[in-house]
Amino acid sequence: MPGTDDKLLGEIAARVYRDDPRFARALRAGRPCPPREYRRTRAWPLFVLALVALGTGITLAHGLLIVTGMVLAGMAAELCDPQRTTRRQRVPPPRS
């Protein structure tokens with residue numbers, strides 16, 4: 001049954017390419033890059049901005065800047081979560 005294995009592997013490769021084309025192209029070229037779930041390029045600048053806002057708010061004793069820094073830090077932490085897409089798919093509670 002080698003034909004079914006080839007078909008299954010082809011389906012898996014197509015799904016990987018559809019989900020993350022950059023990862024699939026890099027893997028095919030022999031230079032793998034991290035998958036989309038582990039790329040945190042947008043989280044680091046946001047985290048730095050959050051720390052700057054939080055530090056400035058503490059230094060100036062300004063509550064709005066402190067809260068802004070804390071909210072931005074929470075947003076950056078959410079971007080760092082590798083399983084954030086699986087948590088979005090919530091199952092509705094059963095109807096009784």
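1. In what follows, a residue is called exposed when its relative accessible area is over 50%, buried when that value is under 20%, and partly exposed in between. The coordinates under discussion are those of a predicted model.

2. The chain holds five helices and zero strands, and its elements, taken from the N terminus, follow the order α-α-α-α-α. Of the 96 residues in the chain, 16% are buried, while the accessible surface amounts to about 8,000 Å², with carbon and sulfur atoms contributing 64% of that area. Among the contacts in the chain with a separation of 6 or more, 28% join residues that lie 24 or more positions apart.

3. Helix α4 covers residues 63-80, and its 18 residues should span 26 Å at 1.5 Å a residue, which agrees with the 26 Å between its end C-alpha atoms. Gly69, Leu72 and Ala76 are the buried residues to consider in α4. Viewed down the axis of α4, the buried residues fall within an arc of 70°, so they line one face of the helix. These buried residues of α4 pack against α3 (43-60), whereas Leu64 and Met70 are exposed on the other side of α4.

4. A nonpolar patch on the surface is formed by Leu8, Leu9, Ile12 and Val16, which together have about 340 Å² of accessible area. Leu8 belongs to helix α1, residues 2-19. Because its relative accessible area is 48%, and exposed requires over 50%, Leu8 counts as partly exposed.

Definitions and conventions
Residues are numbered from 1 along each chain as its sequence is written. This is a predicted model: local features need pLDDT of at least 70, side-chain atom pairs count only at pLDDT 80 or more; totals for chains, interfaces and linings use all residues. Side-chain values use heavy atoms; hydrogens and water are left out. Patches are made of residues with over 30% relative accessible area and no salt bridge: like charges are joined within 9 Å, nonpolar side chains (Val, Leu, Ile, Met, Phe, Trp, Tyr) within 5 Å. Accessible areas come from the Shrake-Rupley method with a 1.4 Å probe; for residues, only the protein chains shown count as cover. A salt bridge is a side-chain nitrogen of Lys or Arg within 4 Å of a carboxyl oxygen of Asp or Glu. Helices (H or I, at least four residues) and strands (E, at least two) are DSSP runs, numbered from the N terminus. Buried means under 20% relative accessible area, exposed over 50%, partly exposed in between (1.4 Å probe, protein chains only). Contact means heavy atoms within 4.5 Å. The expected span of a helix is 1.5 Å times one less than its number of residues. The arc is that of the directions from the helix axis to the C-beta atoms.
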